[in-house]
Amino acid sequence: MPTSGPDPARQARALEALRRCEGQLGTAAMAGMEASKEWFSDLTAEDRAWVGTILQAGVKEFIRWFGGESASAGAASRDSAIAAQVFGAAPRALTGVITLAQTVELVRLSIEVVEQNLDGLLEADLAPLVHDALLRYGREMAFATAEVYARAAETRGAWDARLEALVVDSVLRAEGDAGVLSRASALGWGERGSVVVVLGSMAQGEAITVFDDVRRTARTAGMDALCAVQGDRMVVVLGGATDPGGAAASLVDHFGSGPVVHGPPADDLAQAWTSAAAALSAHRVAGAWPAAPVPVAADDLLPERILAGDAAARSQLVAQVYGPLAHGRGVLLETLEAWFDHGRSVEATARALFLHPNTIRYRLRQVGETTGLAPSEPRQAHTLAIALTCGRLEELTSQ
């Protein structure tokens, strides 16, 4: 009765035959690559040479594997060994030149070429044994290929995450030099126009998943997005945000609970620190306005930022509100101050200034048109009152 399992003598004969024709098989694989794969000819001479090295290593590793396939190594260790022997012959940078699909073509072609040439190189009784082994080797080569590209993707992903965090940190620290622009470009950042920084608490879950969701939403809206975690906050830098409020609103669901603040638009990434500075200042004090909308603009929190000691916010409010009132029609500033002094009563203000109530109403409307803040709206009236105080203080300190 015949015994089961491979015949050692036959196995040894087949191994010796494979070793003799190793060079022929490698040459045939390279010739097949040049003849049938157009992308191969587009590679540089150096990269074509590395591909040839991989093909030769693949043939050599098959022969080595065939000679030791009866070893008791586990599948995982065999896959790792194949990956090291075949792909370790080429630099890791090659995974950025040849795609995974092209590598699969390379592996498939090398196995097909070896298979096609076996019958002419081996004795008839040895060919079936090697064909059967080649099928198993092809499966393990597939796993080895996947392992190489998975590791490359993991390494690239970790590097991109560190690079992205570095770019966002540079924006927050007002370091918008050429190096920052170069690093951002490496992450796929395009020059889409206005840049807006959005801040909020970090959502629950893995940061990488949250960031992917943010980028997907941004891409759908035609924007670029860079994300990073700063303490318990998530910082998002948006490029191409023509509508800052709408852009921030599209991302609200990706933040955790609490206020979400966006800064004013900046011209480009180099100037994005201005948006970041305003957003950071506003986020620190957003809780002082419980009824604030979500998201809220940093400029809408100017009163809270001023009371918290933000000198830039005070200068901005004086320039945008007090200056136009003081240097425009002086009667508007006088009327607004009298209106506050008399309990925001039109009739009482009219009596104090010896004017008709309709004149007071008309002037208050002009205040709104001049500053963009309507005195009749409680929140905006509060901002106007802060602006008057800051403007008077600035006049006193400049004397």
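**A working chat on the model**

Visitor: What phi does Gly-222 take, just after α9?
Guide: A positive one, about 75°. Bear in mind that this is a predicted model.

Visitor: And α9 itself, which residues does it cover?
Guide: Helix α9 takes in residues 207–220, 14 residues. At 1.5 Å a residue they should span 20 Å, and the end C-alpha atoms are 20 Å apart, so expectation and model agree.

Visitor: Which residues of α9 are buried?
Guide: Val-210, Phe-211, Val-214, Arg-215 and Ala-218. Viewed down the axis of α9, the buried residues fall within an arc of 135°, so they line one face of the helix.

Visitor: What is exposed on the other side of α9?
Guide: Ile-208, Arg-219 and Thr-220 are exposed there.

Visitor: Switching to the sheet. What is the strand order?
Guide: The order is β2-β3-β1-β4-β5. The sheet is open, has 5 strands and shows mixed pairing.

Visitor: Which strands stand at the edges, and why is one side of each left without a neighbour?
Guide: β2 (224–230) and β5 (296–297) are the edge strands. Each has a single partner strand, so one side lacks a neighbour in the sheet.

Visitor: Is β1 mostly covered or mostly open?
Guide: Mostly covered. Strand β1 runs over residues 195–201, and 7 of its 7 residues are buried.

Visitor: In what sense do β1 and β3 pair?
Guide: Antiparallel, over 7 bridges, with β3 spanning residues 233–239. Val-198 stands opposite Val-236 in β3.

Visitor: And β1 with β4?
Guide: Antiparallel again, over 3 bridges; β4 is residues 260–262. Here Gly-200 stands opposite Val-260.

Visitor: In what sense do β4 and β5 pair?
Guide: In the parallel sense, over 2 bridges. Val-261 stands opposite Val-296 in β5.

Visitor: What kind of peptide bond joins Val-294 and Pro-295?
Guide: A cis one, with omega about 5°. Pro-295 is in the loop between α11 (272–285) and β5.

Visitor: Back to backbone angles. What about phi at Arg-344?
Guide: Positive, about 60°, although Arg-344 is not a glycine. Arg-344 is in the loop between α14 (330–341) and α15 (346–353).

Visitor: Why does Arg-344 count as partly exposed?
Guide: Because its relative accessibility is 41%. Partly exposed is the class between under 20%, buried, and over 50%, exposed.

Visitor: What is phi at Phe-354?
Guide: Also positive, about 55°, and Phe-354 is not a glycine. This residue is in the loop between α15 and α16 (357–371).

Visitor: Is Phe-354 buried or exposed?
Guide: Exposed, with a relative accessible area of 76%.

Visitor: Last topic, cavities. How many of 30 Å³ or more does the structure hold?
Guide: It holds 1. Its volume is about 100 Å³.

Visitor: Which residues lie nearest the centre of the largest cavity?
Guide: Gly-58, Val-59, Ser-110, Ile-111 and Tyr-137, out of 13 lining residues.

Visitor: Which elements give two or more residues to that lining?
Guide: α4 (45–68), α6 (100–121) and α7 (127–172). The largest share, 5 residues, comes from α4.

Visitor: How do the lining residues divide into nonpolar, polar and charged?
Guide: The lining of the largest cavity has 11 nonpolar residues, 2 polar and no charged.

Key:
Residues numbered from 1 in each chain as written. Predicted model: local features only at pLDDT ≥ 70, side-chain atom pairs only at ≥ 80, totals over all residues. Heavy atoms only, no water. 1 Å grid on protein atoms, 1.4 Å probe; cavity = no way out; pocket = protein on both sides within 12 Å on 5 of 7 lines; lining within 4 Å. Points joined across faces, edges and corners; volume = space filled by probe spheres on them. Helix = DSSP H or I, 4+ residues; strand = E, 2+ residues; numbered from the N terminus. Nonpolar A, V, L, I, M, F, W, Y, C, P; charged D, E, K, R; others polar. Expected span 1.5 Å × (residues − 1). Buried < 20%, exposed > 50% of the residue type's maximum accessible area, 1.4 Å probe, protein only. Arc of directions from axis to C-beta. Pairing = 2+ DSSP bridges.
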